Amino acid sequence: MKSGIKSVLLTVLLVFCFSAAATAMEKGNDRKGKYAYRKIYKSCQARGAVGSSVPSISPADKTQAQWNQVFDNKKFDEFGCKEEWSKLSDKEVIDIYTYLHSFAADSPTPAKCQ
Amino acid sequence: MKPTSVPYPVKISFFVLIAVGFGLFHISALLADSGPADQAPGRMMAQQATKSGEPWITTDHTRHAALKKPFRSGPEVTKACLSCHTEAETQFHQTIHWTWKAHLNEKGDQMGKGWYSLNNFCISANKMADKGCLSCHPGWGQKVESTNCLVCHGQKPIKWDEAFEDLNAFLQNTNDAESKEMAAEIQAEIQAAVQQVARPKRQNCGSCHFYGGGGDGVKHGDLDTSLVKPNKALDVHMGADGQNFECVRCHTTIQHKISGRIYTAPAYTHRKSLIEDDLTSKITCESCHSATPHKAGSKANDHTDKVACQSCHIPEFARVNPTKMSWDWSKAGKTKDGKPYKTKDALGKEDYLSIKGQMKWVKNVKPEYFWFNGSIQSLTAKDAIDPSGTVALSHPMGDRNDKGARIFPFKLHRGVQPYDKIHKTLLAPMLSGPDGYWQTLDWQRALSKGSQALGLPYSGEFDFVNTTYVFPTTHMVAPKEYVVGCTECHVPAGSRLANLAGFYMPARDNAGIIDTFGWLLTIGSLVGVALHGLGRIVTNGNGKKKEL
């Protein structure tokens with residue numbers, strides 16, 4: 001019985017934590033996120049790690065659910081430019097998430113980086 | 001009488017011959033200096049006409065104070081440009097690039113994409129009420145007020161609307177250091193772009209003309225993004241490994257009026273070479289290559305009065321990127337699970353979109369050929385049509401009796417588009433915006449709004465009709481190794497010119513009686529010669545009596 005209550009409490013706690021994280025991300029600034037995102041690739045190009053300063057992944061390359069998955073799991077490998085991504089503050093990550101999520105393929109205004 | 005000495009006149013002739021020979025030697029040496037001796041004269045002429053090096057300018061725009069100040073809007077940039085180039089905007093506002101207004105047709109209706117002209121792609125700009133079309137209008141944003149000079153002259157790509165919107169948003173947040181920093185970054189980008197100006201390059205012209213019809217290579221089969229950095233095999237003039245011409249090398253310009261528009265009125269009123277007039281526009285092939293461009297005695301020179309250079313020298317268009325060859329609006333509006341969808345073809349191009357209908361994309365397209373005197377007749381939204389057959393929305397003017405007409409290659413785009421069943425006129429739906437078809441998938445609403453914008457009646461009853469629309473093919477000139485061969489036209493079956501009737505063309509056309517008579521004559525001649533020879537052999541002589 002006790003273990004059952006514990007499981008329920010744990011589930012509630014986890015749901016609360018994820019909800020809090022999602023809420024925090026939704027409060028980011030998409031405009032700032034756009035420039036923070038672009039800045040990563042400008043810097044990355046400047047040190048010669050990529051050929052172009054234009055990000056290879058556009059907001060419209062994924063749906064909103066897919067962007068949620070990427071940022072929930074914090075799996076940023078596919079973006080390349082690891083050095084720059086590792087230096088981002090939590091706030092910058094949330095801003096970038098907000099930008100990508102706001103202009104995702106299934107958003108009202110899907111955006112490409114080109 | 002046996003001559004004892006060389007007569008005086010003969011001696012003179014001998015020295016004259018030596019002198020002439022010496023002179024010819026020098027002339028040939030000069031020719032050798034100016035190019036390979038086996039070159040066609042038309043090619044040598046063109047090389048002479050274009051041999052000047054890189055264009056040069058007398059100002060460094062990064063040093064102008066007017067271009068170093070902070071900009072908060074597009075019109076402020078224009079004002080800075082006009083502070084030196086005082087007449088530029090007045091000139092530009094007279095041109096079709098700004099007005100989207102062509103000439104009045106014979107009925108007095110205003111032609112031009114911003115008026116009553118139609119096509120079978122997105123059909124109409126609905127008198128500029130369809131704001132989606134304004135992405136290619138050289139103003140700032142969706143306003144037709146101040147000119148964005150940098151559309152044509154800017155060398156640093158930048159999304160102007162977005163840049164100014166973000167800049168102003170960040171500048172409002174004066175207490176936020178991060179916003180200030182981002183505003184400064186955007187301002188620096190804007191200033192750098194404003195200061196980086198030049199004569200229009202291929203990517204400037206191409207930012208609209210390569211994307212005509214709403215995408216890369218949609219409209220023109222001979223204009224797409226493959227021409228931003230083409231090689232010589234794609235275009236001998238523009239190839240970066242060849243002449244590397246920019247568009248404005250041929251599309252010469254006077255007071256911002258750019259030569260070469262050909263959709264309705266002729267692109268040129270007369271064909272002149274630079275030898276005839278060194279200030280003539282370079283828009284025709286003859287301007288630089290002359291009317292007899294091939295080597296002396298070449299049969300190709302005999303064609304130039306009736307066959308346009310492009311007919312042989314552009315064997316195929318869309319040789320790198322595919323082009324749209326048909327667009328069926330009647331298939332638009334289908335949904336999957338209640339939602340619009342799209343599909344792609346084997347070339348990776350979208351061949352069905354719920355919002356647009358069915359399309360066909362093709363690569364390496366052989367042109368279709370028509371007599372063409374430089375003018376194209378086009379229908380407007382006011383013209384009555386006969387929906388029982390295919391409606392020629394635009395077609396080339398001229399026939400073989402027209403001295404100014406030559407056989408010219410075209411892209412013929414086939415469409416299926418809406419028309420008014422009662423008024424028998426073509427309809428121009430509103431496509432973008434809240435009432436546009438792309439958002440509503442509601443033909444009635446889109447057609448009503450579109451007709452309303454044009455100020456034309458709509459009965460409320462519509463259907464779809466087959467149409468054709470022509471584009472002259474004049475870019476993507478292939479190297480001479482790939483020109484159309486004689487036997488691609490001069491053959492009885494499968495000739496490229498099979499659809500051109502009303503005249504005799506050797507090897508393509510025949511008449512049974514004449515052919516039979518010809519063969520009889522040929523065989524008869526051969527038999528006659530053979531018998532004659534045989535007679536000589538039998539008579540053992542040449543027919544003359546032997547001298548005794």
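This is a selection-by-selection tour of a predicted model with chains A and B.

**Stop 1: colour by confidence**

Start with the whole complex. The predictor assigns it an ipTM of 0.75 and a pTM of 0.82. Now colour by pLDDT. Chain A has a mean of 82, and 75% of its residues reach 70 or more. For chain B the mean is 89, with 90% of residues at 70 or more.

Two stretches deserve a look before you go on. Select residues 12-24 of chain A: pLDDT stays under 50 there. The model has 1 contact beyond four places in sequence for that stretch. Then select residues 1-35 of chain B, where pLDDT also stays under 50. Here the model has 6 contacts beyond four places in sequence.

**Stop 2: chain A as a whole**

Hide chain B and switch to cartoon. Chain A holds 5 helices and 0 strands. Reading from the N terminus, the order is α-α-α-α-α. Of its 114 residues, 26% are buried. Take the contacts in chain A with a separation of 6 or more: 79% of them join residues 24 or more positions apart.

**Stop 3: a helix pair in chain A**

Select residues 30-46 and 90-102 of chain A. These are helices H2 and H5. How do two packed helices get described? By the angle between their axes and the distance between the axes. For H2(A) and H5(A), the axes come within 7 Å and cross at roughly 105°. H2(A) is therefore roughly perpendicular to H5(A).

Now show side chains at the contact. On the H2(A) side, pick A:Asp30, A:Lys32, A:Gly33, A:Lys34, A:Ala36 and A:Tyr37. They meet A:Glu92, A:Asp95, A:Ile96, A:Thr98, A:Tyr99 and A:Ser102 of H5(A). Colour this set by class. The contact has 4 nonpolar, 3 polar and 5 charged residues.

**Stop 4: the largest nonpolar core**

Bring chain B back. Which residues have the most contacts inside the largest nonpolar core? Select B:Leu118, B:Phe370, B:Ala381, B:Phe408, B:Leu426, B:Leu427 and B:Ala428. The core has 44 residues. Helices H11 (309-313) and H13 of chain B each supply at least two of them. So do strands E6, E7, E11 (406-420) and E13 (462-472) of chain B.

A second, separate core has 31 residues. Among them are A:Ile40, A:Tyr99, A:Ala104 and B:Val77. A:Tyr99 was also in the H5(A) selection at the previous stop.

**Stop 5: two residues of the largest core**

Centre on B:Ala381. Beyond four places in sequence, it touches B:Tyr116, B:Leu118, B:Ser124, B:Thr425, B:Leu426, B:Ala428, B:Leu454 and B:Leu456.

Next, B:Phe408, in strand E11 of chain B. Is B:Phe408 buried or exposed? It is buried, because 24 other C-beta atoms lie within 10 Å. Its contacts beyond four places in sequence include B:Ala308, B:Gln310 and B:Ser311. Add B:Tyr369, B:Phe370, B:Phe372, B:Pro396 and B:Pro472 to complete the selection. Then draw a distance from B:Phe408 to B:Leu447. The two are 39 residues apart along the chain, and their C-alpha atoms are separated by 36 Å.

**Stop 6: helix H9 and a loop residue**

Select residues 202-209 of chain B, helix H9. Its buried residues are B:Arg202, B:Asn204 and B:Cys205. Helix H6 (150-153) of chain B is included in what covers them.

Follow the chain into the loop between H9 and strand E1 (253-254), and stop at B:Val228. This residue counts as partly exposed, with 15 C-beta neighbours inside 10 Å. Beyond four places in sequence, B:Val228 is in contact with B:Arg202, B:Gln203 and B:Gly206. The C-alpha atoms of B:Val228 and B:Gly112 are 27 Å apart, with these positions 116 residues apart along the chain.

**Stop 7: two positive phi values**

Finish with backbone torsions. B:Asn364 has a phi near 50°, positive in a residue other than glycine. Find it in the loop between strands E6 (357-362) and E7 (368-372) of chain B. It is partly exposed, with 13 other C-beta atoms within 10 Å.

B:Leu441 is not a glycine either, and its phi is about 55°. It sits in the loop between helices H12 (437-440) and H13 (443-454) of chain B. B:Leu441 is partly exposed, with 16 other C-beta atoms within 10 Å.

Notes:
Residues are numbered from 1 along each chain as its sequence is written. Chains are lettered from A and ligands numbered from 1 in the order in which they are written. This is a predicted model: local features need pLDDT of at least 70, side-chain atom pairs count only at pLDDT 80 or more; totals for chains, interfaces and linings use all residues. Axes are lines fitted to C-alpha atoms, for helices over the stretch in contact, and angles run from 0 to 180 degrees between N-to-C directions. Helices (H or I, at least four residues) and strands (E, at least two) are DSSP runs, numbered from the N terminus. Angles under 35 degrees count as roughly parallel, over 145 as roughly antiparallel, 65 to 115 as roughly perpendicular and the rest as oblique. Two residues are in contact if their C-beta atoms, placed from the backbone, lie within 7 Å. Ala, Val, Leu, Ile, Met, Phe, Trp, Tyr, Cys and Pro count as nonpolar, Asp, Glu, Lys and Arg as charged, and the others, Gly among them, as polar. pLDDT is the predictor's confidence in each residue, from 0 to 100. A residue is buried if 20 or more other C-beta atoms lie within 10 Å of its own, exposed if 12 or fewer, and partly exposed in between; C-beta atoms are placed from the backbone. A nonpolar core is a set of buried Ala, Val, Leu, Ile, Met, Phe, Trp, Tyr and Cys residues joined through C-beta atoms within 7 Å.
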